[in-house]
Amino acid sequence: MKDCCQREIDYLRLSVTDRCNLRCRYCVPPEGRQTEGELLSDDELVDIVTAAASLGVRKLRITGGEPLVREGIVGLCSRLHQVEGIAELTLTTNGQQLEALALPLREAGVARVNLSLDTLRPERYRAITRGGSLERTLRGITAAQAAGFPLKLNVVLIGGFNEDEIKDFVALTQDQPLEVRFIELMPMGPGADVPPEAFLSCEEVLRRVPLLQSMGCVDGVARLYRLPDGVGRVGLISPVSRDFCGQCNRLRVTARGTLKPCLHTAQELPLRGLAMEALQKQLRRAMAEKPARHPDFVPGQASAGGRMMYSIGG
């Protein structure tokens with residue numbers, strides 16, 4: 001399934017909810033979330049994935065909001081895992097409910113978990129999430145490892161907040177088979193309102209940890225590095241300083257039923273209420289109209305995507 005730029009589109013990011021049990025400061029505005037309309041039902045989500053798989057999508061990532069707050073998430077994952085053509089089912093979570101759900105998710109067919117974790121310090125965690133528990137997330141990590149999940153930790157780089165923890169995160173990969181992925185803060189929602197010094201390029205990671213050695217390859221959108229004799233690896237994801245639009249292989253579905261060909265453009269195509277042929281038609285249209293690259297980011301201005309990140313799917 002190729003788009004208009006001959007990129008192979010084989011990856012769907014599927015948001016199952018725009019709700020979350022945290023209120024991270026760069027994601028959710030002080031007044032809270034604004035939502036409208038009903039969430040897609042399980043049947044609608046399965047139909048969308050079935051249509052996408054029939055056109056060549058092979059990798060499916062479940063996102064939110066926080067997907068584990070959706071009622072019946074384990075059963076939904078089991079159904080999505082069984083869709084013909086889906087070769088890999090993965091999930092992104094903040095880990096707050098992962099301790100109880102790790103093993104059931106593994107048994108339901110989820111192959112890998114990406115876990116969002118911006119700090120290893122309890123007080124900072126409470127501050128950035130507006131009340132979350134670092135201990136709960138750490139217990140979730142332990143449960144996920146016990147269930148046999150390969151783990152990736154997603155760390156959003158924020159100047160003045162966690163740059164002094166870069167070495168601590170990298171050190172986790174010395175003796176553990178983790179991938180720590182540093183991600184540049186994107187200008188979306190409250191993330192667009194931060195002062196200029198809050199933005200850190202991923203090159204800051206290499207500056208602070210010069211021992212990191214390039215592995216000479218990428219994993220999706222992440223450039224990969226490793227400590228000498230390290231068991232794990234470090235990924236650098238640089239959507240702002242060096243976009244990867246030329247290698248983009250994904251489409252996104254929001255929890256309330258729209259299809260986004262590009263994260264950073266306002267175009268959305270409605271999916272709710274469509275049967276299989278109509279779903280396939282919208283997916284083909286999204287590929288035909290997927291831009292070669294997103295508009296340039298303008299300092300002090302929000303992305304042209306037109307939504308908060310929690311309403312699109314992380």
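This briefing covers the sheet, two helices packed on it, one buried arginine and the cysteines. The model is predicted. Its twelve strands form an open sheet with mixed pairing, and the structure holds zero disulfides.

**Sheet**

- The strand order across the open sheet is 7-8-9-6-5-4-3-2-1-10-11-12.
- Strand 7 (213-219) and strand 12 (269-270) are the edge strands, and each of them pairs on one side only.
- Strand 3 (residues 88-93) and strand 4 (residues 112-116) run parallel and are joined by four bridges.
- Threonine 90 has arginine 112, in strand 4, as its bridge partner.

**Helices lying across the strands**

- Helix 2 (73-81) lies across strand 1 (11-15), strand 2 and strand 3.
- The angle between helix 2 and strand 2 is about 165 degrees.
- Helix 6 (residues 166-175) lies across strand 5 (151-157), strand 6 (179-184) and strand 9 (233-237).
- Helix 6 runs at about 150 degrees to strand 6.

**Buried face of helix 2**

- Ile73, Leu76, Cys77 and Leu80 are the buried residues of helix 2.
- Viewed down the helix axis, these buried residues fall within an arc of 100 degrees, so they line one face of helix 2.
- As background, an α-helix has 3.6 residues a turn, so residues three or four places apart point the same way.
- The cover over the buried residues of helix 2 includes strand 1, helix 1 (42-54), strand 2, strand 3 and helix 3 (98-108).

**Arginine 70**

- Arginine 70 sits in the loop between strand 2 (59-63) and helix 2.
- The relative accessible area of arginine 70 is 12%, so this residue counts as buried, the cut-off being under 20%.
- Beyond its neighbours within four places in sequence, arginine 70 is in contact with Val16, Leu39, Leu40, Ser41, Asp42, Leu45 and Leu76.
- One of these contacts, Leu76, is also among the buried residues of helix 2.

**Cysteines**

- The structure holds zero disulfides.
- The closest cysteine sulfur to that of cysteine 248 is in cysteine 262, at 6.8 Å, which is too far for a bond because a disulfide needs the two sulfur atoms within 2.5 Å.
- Cysteine 248 has 17% relative accessibility and therefore counts as buried.
- Cysteine 5, at 35% relative accessibility, counts as partly exposed.
- Cys77 is one of the buried residues of helix 2.

Notes: Residues numbered from 1 in each chain as written. Predicted model: local features only at pLDDT ≥ 70, side-chain atom pairs only at ≥ 80, totals over all residues. Heavy atoms only, no water. Helix = DSSP H or I, 4+ residues; strand = E, 2+ residues; numbered from the N terminus. Buried < 20%, exposed > 50% of the residue type's maximum accessible area, 1.4 Å probe, protein only. Contact = heavy atoms within 4.5 Å. Pairing = 2+ DSSP bridges. Axes fitted to C-alpha atoms, helices over the stretch in contact; angles between N-to-C directions. Arc of directions from axis to C-beta.
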